[in-house]
Amino acid sequence: MKFSKPLLIAIAALAIVGALVYALMDKPSAPAATFTTLEGKSIALNELRGKVVLVNFWATSCPGCIKEMPGMVETYNQYREKGFEIIAVAMSYDPPNYVVSFVPTRQLPFPVALDVDGAHARAFGNVQLTPTSFIIGKDGRILEQKLGELDFVKLKALLDRELS
């Protein structure tokens with residue numbers, strides 16, 4: 001069976017469009033969350049469009065969370081001027097006074113929010129285990145979800161790619 005050149009071009013174009021649509025559908029949008037930092041400042045995710053955002057659910061009682069914080073600080077300091085933001089969300093079971101005293105002792109330079117009633121954890125798919133991180137692209141879509149400690153080599157490669 002012989003196909004005409006215009007028909008083959010049309011089929012190829014449809015395949016490319018289909019692949020692009022599938023790629024976009026594969027990445028869900030981040031929830032329309034607004035976080036309140038320990039200082040009382042509101043940060044709406046939709047206001048951070050154009051940046052790559054790491055939303056990290058953590059707790060002061062979580063050894064893996066404590067272990068990854070220096071890497072988060074270093075990565076934030078390295079990439080924030082290029083359009084990277086971190087929002088560290090303390091879980092609802094974490095005593096607020098523990099979180100408030102943790103931040104200055106670890107010199108966290110990024111915003112920290114309390115998820116007092118668990119609404120943020122529910123909005124992100126009912127997060128229950130820490131650390132759980134969501135990397136949100138410039139377009140507001142979730143690029144990756146990571147349960148457990150972050151792999152900073154992979155994170156920096158992603159940031160280099162997304163922020164270039």
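These are my notebook entries on what I looked up in a predicted model of one protein.

**Entry 1: overall layout**

I began with the secondary structure and found 5 helices and 7 strands in the protein. Reading along the sequence, I wrote the order down as α-β-β-β-α-β-α-β-α-β-β-α. I then looked up burial over the whole protein, where buried residues account for 42% of the 164 residues. For the contacts with a separation of 6 or more, I noted that 71% are between residues 24 or more positions apart.

**Entry 2: the disulfide**

How many disulfides does a search of the whole structure find? My search returned 1, and the disulfide joins C62 to C65, with an S to S distance of 2.4 Å. I looked up the rotation about the S-S bond as well, and at 80° the link of C62 and C65 is right-handed. For the surroundings of the two cysteines I checked accessibility, and both C62 and C65 are buried.

**Entry 3: helices α2 and α5**

Next I took the pair formed by helix α2, residues 63-79, and helix α5, residues 152-162, whose axes come within 11 Å and cross at roughly 20°. Angles under 35 degrees count as roughly parallel, and α2 and α5 are therefore roughly parallel to each other. As for handedness, I recorded that α2 passes α5 in a right-handed crossing. On the α2 side I listed E68, G71, M72, E74, T75, Q78 and Y79 as making the contact, and on the α5 side F152, L155, K156, L159 and D160. Sorted by class, the contact of α2 with α5 holds 5 nonpolar, 3 polar and 4 charged residues.

**Entry 4: V55 in strand β3**

I then picked out V55, which lies in strand β3, residues 52-58. Is V55 buried or exposed? Its relative accessibility is 0%, so V55 counts as buried. Leaving aside residues up to four places away in sequence, I found V55 touching F35, L45, I87, V89, F124, T132, S133, F134 and I136. I also looked up the spacing of V55 and E85, which are 30 residues apart along the chain, and their C-alpha atoms are separated by 8.5 Å.

**Entry 5: backbone exceptions in the loops**

For the backbone, I kept in mind that most residues other than glycine have a negative phi, and that most peptide bonds are trans.

Which residues does a cis peptide bond join? I found one between T130 and P131, with omega at about -10°. P131 sits in the loop between α4, residues 119-123, and β6, residues 132-136.

N126 is also placed in the loop between α4 and β6, and I noted for N126 a positive phi of about 65° although N126 is not a glycine. With a relative accessible area of 41%, N126 is partly exposed.

Q107 likewise has a positive phi, of about 50°, and is not a glycine. I located Q107 in the loop between α3, residues 96-106, and β5, residues 112-114. The relative accessible area of Q107 is 65%, so I entered Q107 as exposed.

Note on methods: Residues are numbered from 1 along each chain as its sequence is written. This is a predicted model: local features need pLDDT of at least 70, side-chain atom pairs count only at pLDDT 80 or more; totals for chains, interfaces and linings use all residues. Side-chain values use heavy atoms; hydrogens and water are left out. Axes are lines fitted to C-alpha atoms, for helices over the stretch in contact, and angles run from 0 to 180 degrees between N-to-C directions. Helices (H or I, at least four residues) and strands (E, at least two) are DSSP runs, numbered from the N terminus. Angles under 35 degrees count as roughly parallel, over 145 as roughly antiparallel, 65 to 115 as roughly perpendicular and the rest as oblique. A crossing is left-handed if the near helix is turned anticlockwise from the far one by less than a right angle, and right-handed if clockwise. Contact means heavy atoms within 4.5 Å. Ala, Val, Leu, Ile, Met, Phe, Trp, Tyr, Cys and Pro count as nonpolar, Asp, Glu, Lys and Arg as charged, and the others, Gly among them, as polar. A disulfide is a pair of cysteine sulfur atoms within 2.5 Å. Buried means under 20% relative accessible area, exposed over 50%, partly exposed in between (1.4 Å probe, protein chains only).
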